[in-house]
Amino acid sequence: MNAHLSESWNSASLVKDEAWRFAQISRVRLNGFSAPAEPDAAVVEKYIDEARRRALGASGILVFVDERLVFSQLSDEALAAGARFEAASDIPFSTTPRLGMEALIQYHDAVSRSGVILSVPAETRFDEPFVVFRWQCSAGSASFPASRVEIGRNGFAKLCEFYSADAEADATLTLSRNEILVADGAEFSRDFVQALAPASKMYRTENVVAGENATVRGVDFCLGALHARTATELCADGRDALLDWRALNVASGDQEIDWRTIQRHAAPGARSNLLCKNALLDRSRTIFSGSILVDKVAQQTNAVQSCRNLVLSEDAEAHSLPGLEIDANDVQCSHGATTGTLDADQLFYLLQRGLPEADARMLLTLGFMDEVINACAGCAVADFVREKIAEKFGTR
Amino acid sequence: MSETTAKKAPDAINIDRSAGDFSVAEEYAFDAGLGLSERVIDYISDAKNEPDWIRAFRKKALEIFYKKPLPTHWAPEWIKDVDFDKIRYYLAKNKDAARSWEDVPEDVKQTFERLGVPEQERKFLAGVDAQFDSESAYSRLKADLEKQGVIFVGPNEGLTKYADIFRPWFGKVIPTTDSKYSALNSACFSGGSFVYVPKGVKVAQPLQAYFRINAENFGQFERTLIIADEGAELVYMEGCTAPRFDTATLHSGVVELVALKGAKIQYVTVQNWASNIYNLVTQRGLAMEDAEIRWVDCNIGSRLTMKYPGVILKGERARGEVLSIALAHTGQVQDTGAKMIHLADGTTSNIISKSVSTGEGRANYRGLVSIPKHLKGCKNNSECHTLLINEHSATGTYPAITVHGNASQTQHEASVSKVSAEQIFYMQQRGLSEAEAMSLAVNGFVNDLVKEFPMEYSVELKRLIEMEMEGSVA
């Protein structure tokens with residue numbers, strides 16, 4: 001671990017950064033974390049089993065336990081077609097994360113050794129997903145994962161990413177940098193779920209670039225960690241690209257879940273659609289900050305952004321910062337942000353039909369969440385998310 | 001809008017401001033000179049013969065002004081072009097506001113004439129407090145209003161004659177420390193209005209004040225405090241035009257509204273400054289129980305406007321509203337918005353903003369809605385819509401909405417679009433010229449807000465938009 005960098009880190013430098021507005025900056029710290037310990041063989045075996053069970057029939061599987069690659073598998077078809085899906089210690093990134101993550105990423109890059117590369121050749125199609133599992137099992141450890149996805153011209157692929165931990169592996173730090181490059185005419189979907197232990201911290205950036213006529217979809221679930229911040233930058237770089245991104249954040253306890261996004265339109269005729277759904281329990285906080293940026297050249301852009309906050313407790317707080325910055329005139333751009341609680345009429349209706357109040361509330365809450373869960377590209381992540389949400393509500 | 005129009009008229013909306021684009025030679029009895037210093041503050045205080053507490057207030061504000069940084073956070077770079085050392089902070093023709101129209105000097109009358117503050121209009125107005133540079137050159141209240149106990153004077157008269165009403169609220173809604181510009185205003189304010197409407201009095205006619213800048217390099221720092229006592233109601237109207245000058249001119253007013261229990265205040269602004277003016281205004285209202293404050297705001301002129309009228313909803317069931325129209329053409333940035341701070345149960349607020357960017361203009365919406373902990377039944381609705389006319393027109397929308405707890409509701413929506421070629425084509429089919437069609441489309445876009453302005457303003461606004469659109473197709 002680069003002690004010099006982590007010691008010299010000072011969260012105060014973020015105070016005046018607009019990209020950190022409303023965030024509890026004092027929670028961000030980089031020092032005091034250890035390198036992960038050697039994982040127990042039995043634990044590793046357990047995780048590999050779980051991964052194989054969840055990723056049945058996948059085009060490829062990579063399993064990491066505390067940054068160590070412990071299992072890898074690539075289907076015969078993927079191998080024959082020349083797909084690359086492997087661990088790599090150095091990732092050649094071609095995009096630059098922004099949104100206030102610059103300093104954290106500088107630190108990440110100095111220490112990161114645990115990367116994943118997915119590369120799909122042009123004109124190649126994989127219907128089954130590539131799946132990455134990252135389990136944490138050393139309490140108080142720090143990890144610095146990275147990933148780079150490159151989909152060739154007219155290619156087609158799906159990726160599922162799991163970040164999870166047992167309750168014992170608590171108070172960890174995860175700093176993650178990711179990049180998705182989708183070439184002209186290609187199609188790519190990515191599901192991501194984070195269910196880390198309750199006192200952990202996770203800071204993550206993702207840059208997505210879509211070429212001409214490319215279609216890129218993403219679904220993010222943020223369920224765990226005390227402080228989770230994601231910075232997503234979507235860029236429609238080619239004409240008529242389509243970007244569709246959805247996130248569901250379920251915050252409880254003292255959690256702060258913070259999602260900052262940019263939908264950048266750098267080419268004409270592209271469409272982008274971004275949906276953020278936050279469910280807030282206990283004393284949790286969520287922040288959604290999104291910008292639609294339309295360049296002068298990006299005429300005929302159609303960009304939509306919406307944020308829906310469902311506040312389920314009187315101590316939770318939801319911050320919404322939707323935004324538009326438009327430099328082209330022939331566009332249709334809109335954003336919406338709402339904050340409220342469960343609809344009293346709907347609740348009354350369910351109670352009338354004999355449902356206990358807790359069940360009725362759960363049913364309505366699941367209804368709110370389904371719009372995101374149902375958008376998952378593969379059922380592996382959707383099932384996992386449903387289990388985790390049930391756990392989260394069940395322990396209440 | 002068709003491509004041909006875009007090419008023909010890169011600067012589609014070109015307001016003819018020549019009506020207000022003139023300057024009459026003035027002789028000033030009081031002139032504090034260039035720059036700001038403690039000496040200037042003393043000069044102002046001496047000239048106005050002010051009590052000591054105001055002098056101390058000004059000096060404290062000056063200290064804060066020196067300490068505060070420029071609001072570089074989202075302001076354009078060229079906000080730094082304002083050279084505080086090259087501004088005259090106090091100019092006045094004479095100290096006392098003229099009591100009757102006959103006392104108003106002829107050249108001032110001439111200026112009013114061209115501005116469209118006609119003498120005959122007085123008949124319809126409850127009172128005219130037409131500010132000519134620093135001091136009220138003319139101030140008059142109709143006799144029946146005076147009988148009702150309505151006070152409508154300048155702030156200087158307010159703080160000397162009516163200190164018991166004035167002092168408890170002065171600087172309370174907008175503290176001196178609010179920003180660099182509110183500190184600047186607190187240090188060297190002169191002119192503006194002080195209005196007090198007693199309990200239960202409903203002022204039937206709108207109170208009007210015309211503001212005008214008429215000296216090069218002269219920042220105008222008017223200060224307005226309006227207090228509506230329990231159950232009182234009033235409408236206050238403020239309109240601006242200014243002559244064009246070459247060097248940057250600063251306008252930095254502070255407007256404080258206080259609506260006590262059950263009171264209603266509506267504050268209407270039409271801002272049409274010349275295109276070299278920096279219009280950096282702080283406006284905020286405090287609404288107590290069951291009170292209602294409504295800002296109706298229209299920004300057409302100036303080089304840069306940064307104005308975010310706000311309402312602090314302090315009493316239960318208080319209501320705040322901001323209706324805003326902004327028009328930005330080439331060389332202009334209209335950075336306007338609204339702030340709604342909910343501090344009691346059952347408070348509601350509504351923000352509707354419509355802006356039009358033409359040529360290379362930029363119109364931004366910047367908003368803040370805050371509903372803190374444990375409040376129940378608070379509601380906010382905010383909508384902002386932007387129409388982009390030309391290829392190089394730009395816009396930004398930056399709301400921030402914070403809700404604590406599960407007993408309140410907010411909703412926000414924003415959209416950006418242009419006048420579609422189909423709309424224009426349809427209207428041209430029916431015999432309208434392209435300019436008429438564009439004018440109709442833009443007027444239709446802002447129509448629901450224009451209707452909210454008092455009648456005479458809404459007629460003027462409609463005409464103004466029509467005029468601009470005529471210029472859009474040569």
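# Crossing helices, closed cavities and a pocket

Guide: In helix 9 of chain B, B:Gln423, B:Ile424, B:Met427 and B:Gln428 touch the residues B:Glu434, B:Ala437, B:Met438, B:Leu440 and B:Ala441 of helix 10 of chain B. Of the residues in this contact, 6 are nonpolar, 2 polar and 1 charged. Keep in mind that the model is predicted.

Visitor: What makes B:Gln423 polar and B:Glu434 charged here?

Guide: Their residue types. Glu is one of the charged types, while Gln falls among the others, which count as polar. Both residues belong to this contact.

Visitor: Why are helix 9 of chain B and helix 10 of chain B called oblique to each other?

Guide: Start with the value. Helix 9 covers residues 421–429 of chain B, helix 10 covers residues 434–450, and they pack at an angle of about 125°. Roughly perpendicular ends at 115, and roughly antiparallel needs over 145. The angle of about 125° fits neither class, so the pair is oblique.

Visitor: What else describes how helix 9 of chain B and helix 10 of chain B pack?

Guide: Their axes lie 9 Å apart. The crossing of helix 9 and helix 10 of chain B is right-handed.

Visitor: How do you know how helix 5 of chain A lies to helix 6 of chain A?

Guide: Use the angle again. Helix 5 (residues 344–352) and helix 6 (residues 357–373) of chain A pack at about 130°, with 9 Å between their axes. Since that angle is past 115 but not over 145, helix 5 of chain A is oblique to helix 6 of chain A. Helix 5 of chain A passes helix 6 of chain A in a right-handed crossing.

Visitor: Which residues make the contact of helix 5 and helix 6 of chain A?

Guide: Helix 5 of chain A brings A:Gln346, A:Leu347, A:Leu350 and A:Leu351. From helix 6 of chain A come A:Glu357, A:Ala360, A:Arg361, A:Leu363 and A:Leu364. By class, this contact of helix 5 with helix 6 of chain A holds 6 nonpolar, 1 polar and 2 charged residues.

Visitor: What makes helix 6 of chain A roughly antiparallel to helix 7 of chain A?

Guide: The angle between helix 6 and helix 7 (residues 379–394) of chain A is about 150°, and their axes are 12 Å apart. Roughly antiparallel starts over 145, so helix 6 and helix 7 of chain A qualify. This crossing is right-handed.

Visitor: Which residues of helix 6 and helix 7 of chain A meet?

Guide: A:Met362, A:Thr365, A:Leu366, A:Met369, A:Asp370 and A:Ile373 of helix 6 of chain A meet A:Ala382, A:Val385, A:Arg386, A:Ile389 and A:Phe393 of helix 7 of chain A. The contact of helix 6 with helix 7 of chain A has 8 nonpolar, 1 polar and 2 charged residues.

Visitor: How many cavities does a search of the whole structure find?

Guide: It finds 6 of 30 Å³ or more. The largest cavity holds about 80 Å³ of space.

Visitor: What makes a space a cavity and not a pocket?

Guide: The way out. In a cavity a 1.4 Å probe fits but cannot get out, whereas a pocket is open.

Visitor: What lines the largest cavity?

Guide: Its lining includes A:Phe64, A:Asp66, A:Trp135 and A:Tyr163. Strand 5 (residues 130–136) of chain A gives the largest share, 3 residues. By class, the lining has 4 nonpolar, 3 polar and 3 charged residues.

Visitor: What volume has the second largest cavity?

Guide: About 70 Å³. Among the residues lining the second largest cavity are A:Phe192, A:Arg204, A:Cys222 and A:Trp259. Strand 12 (215–222), strand 13 (227–236), strand 14 (242–251) and strand 15 (256–265) of chain A each give two or more residues to that lining.

Visitor: Which residues lie nearest the centre of the largest pocket?

Guide: A:Glu18, A:Arg21, B:His73, B:Trp74 and B:Arg366, out of 46 lining residues. The largest pocket has about 1500 Å³ of space. Strand 13 of chain B gives the most to its lining, with 5 residues. The lining of the largest pocket divides into 20 nonpolar, 12 polar and 14 charged residues.

Key. Residues are numbered from 1 along each chain as its sequence is written. Chains are lettered from A and ligands numbered from 1 in the order in which they are written. This is a predicted model: local features need pLDDT of at least 70, side-chain atom pairs count only at pLDDT 80 or more; totals for chains, interfaces and linings use all residues. Side-chain values use heavy atoms; hydrogens and water are left out. Axes are lines fitted to C-alpha atoms, for helices over the stretch in contact, and angles run from 0 to 180 degrees between N-to-C directions. Helices (H or I, at least four residues) and strands (E, at least two) are DSSP runs, numbered from the N terminus. Angles under 35 degrees count as roughly parallel, over 145 as roughly antiparallel, 65 to 115 as roughly perpendicular and the rest as oblique. A crossing is left-handed if the near helix is turned anticlockwise from the far one by less than a right angle, and right-handed if clockwise. Contact means heavy atoms within 4.5 Å. On a 1 Å grid over the protein atoms alone, a cavity is a set of points where a 1.4 Å probe fits but cannot get out, and a pocket is an open set with protein on both sides within 12 Å along at least five of seven lines; lining residues have an atom within 4 Å of a point. Grid points are joined across faces, edges and corners, and a volume is the space filled by probe spheres set on the points.
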